[in-house]
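Colleague: Please pick a single part of this model and look at it closely. Keep it simple enough for a first-year student.

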Amino acid sequence: MLERIFGFVVGWSARRAGWLILLSLLLTAVAATYTARNLRMDTDTTNMISPELPWRQELAKFNALFPQNTGLLVVMVDGRTPDIAEDAAAALFARIAARPDLFATARRADGGPFFQRYGMMFLSTAEVRKIADAVIEAQPFIGALSQDPSLRGLFNVLSLAMQGVMQQSADVERLEKPLSQIAATMSDALSGRRQAMSWQNLMLNRAAEPRDLRKLILTQPNRDFASLKPGAAATTFVRTAVKELNLSPDTGVTVRLTGPVALNDDEFATVSEGMGWALALATTLVLGLLFFALRSFKLILATFVTLIVGLIFTFAFATVAVGELNLISVAFAVMFIGLSIDFGIQFGVRFGQEVLEGRGSDALPQAGIVMARPLTLAAIATAAGFAAFIPTDYSGVSELGIIASAGMAIALCLNITLLPALLAVLKPRIAGKDMSMAWTRPVQAMLGRFRWPALGVWTLVAIAGLILAPRLEFDFHPLHLKDPRVESMAAIIDLMKDPIRSPYAIEILAPDAESAAQLKAQLERLPEVYAVLSASTFVPQDQEAKLAILADLELLMGLSLEPLSVREPPTVEEIRTALRECAANLRRAMPSSGKAQQLARLLDQAAAADTELYPELQRMLVDGLMPRMKMLSAALTAQPLSLDTLPEGLRAEWIAADGSMRLTVMPRGDSNDNAVLAAFVEAVRKVAPQATGPAVQIYESGRAVTRAFQSASLTAIVAIALLLAIILRRPRDVAYVLLPLLLAALLTIVICVAFGLKLDFANVIALPLLLGIGVAYDIYFVVNWRRGIATPLSTGTARAVLFSALTTAASFGSLALSSHPGTARMGMLLLISLGSLLAVIFAFMPAMLGKPPRDAIDEGMRSKT
């Protein structure tokens with residue numbers, strides 16, 4: 001029945017070739033136009049897992065209470081000194097905050113008015129007292145500079161200090177450090193380097209800590225999800241502002257963008273670029289292999305046109321059925337080339353064989369009759385391999401399953417309609433005597449002679465695969481799929497070195513402050529936990545003693561920090577005079593100090609330099625002081641703090657409108673390590689089962705994908721087995737198709753474990769897909785064997801299978817060359833799986849099948865295979 005239908009459809013298409021080709025071209029134009037106008041990219045990776053899962057709903061609940069933590073673009077500002085970092089972050093934040101059209105929200109994670117006012121309160125009482133003493137000691141210096149914040153004021157103060165040294169009223173040792181820093185900055189300025197001096201280090205009399213050198217700005221850009229890079233407008237604005245503010249390594253500043261928005265934008269841009277190269281490479285390789293497979297330019301042209309039309313139709317179906325492509329489903333284009341070309345090669349080789357056997361005008365219908373059953377079974381089985389993912393919670397691959405399953409149906413229909421029509425019009429000439437491959441005959445003979453040793457070797461391979469299967473790892477960390485060379489990835493890896501700033505924290509909601517305090521105490525005792533942050537974290541300890549110190553300091557420093565009057569900016573001559581006088585005083589006061597004498601020489605050089613140097617010197621030496629004095633002035637206005645008196649913006653970050661208290665749990669150790677992250681999540685969940693947040697999201701996503709993989713594999717095996725049982729109707733034939741698939745899967749496992757290739761979110765589709773592709777190839781041999789073919793490797797079918805596999809490998813291999821690590825790993829595993837399958841088909845199946853069964857059909861049918 002099926003053979004008659006295919007024969008009729010192919011014959012009808014050949015007779016009405018002109019109209020059918022014209023209709024196909026019109027439909028292709030419509031499909032291409034519709035796709036170009038309506039197909040979108042979904043670059044939100046959270047949509048790749050079903051939102052119906054309990055942990056996704058818990059995360060949604062948390063995000064609804066604290067929406068300011070979703071969709072973040074993190075601006076990471078690194079400075080050579082704390083002053084540079086803070087001033088750069090403040091200037092950049094002011095630009096960002098002024099553009100609400102681009103940024104829904106923007107806030108300083110570790111700076112701004114609150115931290116300027118209360119930052120000192122979070123130090124220990126001893127540290128506050130030490131800073132206060134250092135500031136009091138520098139009071140004359142600060143007071144003079146606040147009245148004359150210029151080069152003139154700075155070097156006049158230094159001259160005054162030198163006079164104190166000469167009068168033995170100033171401590172020489174205490175002057176060595178500021179003189180050294182000023183000399184280093186003067187040397188940089190005279191050498192063309194532009195990094196400013198750190199007044200904060202000088203005033204606090206301590207070296208900067210790594211956290212002092214990095215400032216974070218957290219923004220929520222207004223994104224366009226229809227674009228490949230939804231955050232492009234915001235990131236472009238930030239990069240432009242960085243250039244305009246002259247924030248560069250030359251000035252001691254490095255600005256990088258990271259966070260979910262930057263990571264996703266960079267990833268999808270890399271994927272898009274990689275897919276473009278992969279698609280071009282796959283097309284080139286496929287054309288080359290088609291030439292060797294079909295040996296006719298016109299036959300190649302017809303097959304290739306059919307492929308392109310099918311690809312466009314499948315894109316149009318994706319637009320209608322799904323509407324948007326994600327990180328996984330975007331790979332269907334390259335896969336379609338490799339998978340659908342199999343049908344074209346099989347039909348083309350069969351057609352070529354019919355022509356060589358003298359069928360004439362009946363060659364096309366006869367090819368349709370012979371290929372009806374194997375092509376249909378191959379298409380359905382391949383679709384079943386993809387469709388197995390459709391009902392799973394892994395939405396990313398579920399959508400790929402929908403698109404690819406439909407793509408197989410489209411490919412099958414076009415290869416029995418459009419392809420015969422094109423062949424009827426082009427009338428290709430087939431070279432050679434037959435479509436078989438001569439080199440396979442000795443291989444066939446060897447497998448026949450050494451059948452049992454060959455089966456023994458493959459049995460050992462199967463045993464090895466079963467033993468190594470438990471060692472095949474699943475890498476659930478999404479960062480491992482991204483390109484570590486792009487800015488956003490390099491930045492987040494750098495950020496994760498500081499445990500308190502790791503993006504992979506756990507979020508917990510407590511009903512009230514008392515419950516939050518109890519839960520925080522429990523969590524802090526866990527060895528997997530580095531720290532627990534909550535609203536109480538921002539209420540300083542020992543406030544009374546610290547406020548007393550700051551109050552005393554305010555009494556002493558009030559007028560010094562906020563002078564009643566400020567002198568006019570100096571003239572060039574006043575600056576030169578101050579430089580020369582200071583140099584002279586340094587030589588007289590500290591003749592044995594190398595630093596003092598070095599600074600004196602540099603001051604003389606500066607006094608004789610071009611006046612263009614002075615604005616740069618002002619910026620590098622003096623301008624950084626005034627913001628530090630404003631910060632100190634703000635710190636002296638600190639007041640008692642409690643949960644109720646926290647600033648409204650800060651309360652909104654930690655206390656929900658319904659009174660729920662947020663706790664953020666930070667992991668101890670390397671959160672980029674899967675084992676560390678898994679242990680962290682499991683430990684915290686024992687204390688707080690309702691825990692959510694990024695760490696839980698990653699962990700649970702991995703489990704969801706693993707379950708999807710297991711479910712899809714089982715579903716595919718059952719579906720394919722039922723399909724084979726219905727069509728082949730013999731249990732032994734079904735086993736002969738499924739056994740090579742199992743062996744190919746075990747060989748794939750052996751190779752992956754041997755070379756350390758792990759399963760991940762992207763390449764997990766390889767093994768279920770292997771079932772579908774494998775059936776498409778196995779069935780051709782089993783059907784031939786059932787028809788009485790004793791030497792399956794010596795037929796045109798073997799040629800078609802080999803070149804079909806090679807063209808599919810070309811597609812998958814091109815994915816492996818992608819610049820995107822996730823796509824490359826997916827292509828690599830698909831390539832390994834296909835190579836394993838090809839090895840099994842050509843080196844195991846002939847030995848397994850042996851002689852044809854006694855009930856094989858008569859020899860007259862053999863010529864049709």
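**The second largest cavity**

Modeller: The lining of the second largest cavity has 5 nonpolar residues, 6 polar and no charged. Nonpolar covers Ala, Val, Leu, Ile, Met, Phe, Trp, Tyr, Cys and Pro; charged covers Asp, Glu, Lys and Arg; the others, Gly among them, are polar. The model is predicted: local features need pLDDT of at least 70, side-chain atom pairs need 80 or more, and totals for chains, interfaces and linings use all residues. Residues are numbered from 1 along each chain as its sequence is written, and side-chain values use heavy atoms, without hydrogens or water.

Rolling a probe the size of a water molecule over the atoms shows where empty space is left. A cavity is a set of points, on a 1 Å grid over the protein atoms alone, where a 1.4 Å probe fits but cannot get out. The whole structure holds 7 cavities of 30 Å³ or more. The second largest has a volume of about 60 Å³. Volume here is the space filled by probe spheres set on the points, which are joined across faces, edges and corners.

Now the walls. Lining residues have an atom within 4 Å of a point. Among them are T303, T306, L307 and G310. F336, S340, I341 and G344 also line this cavity, as do A411, L414 and N415. Three helices (DSSP runs of H or I, at least four residues, numbered from the N terminus) each supply at least two lining residues: α13 (297-321), α14 (332-356) and α16 (395-415).

Definitions and conventions: On a 1 Å grid over the protein atoms alone, a cavity is a set of points where a 1.4 Å probe fits but cannot get out, and a pocket is an open set with protein on both sides within 12 Å along at least five of seven lines; lining residues have an atom within 4 Å of a point.
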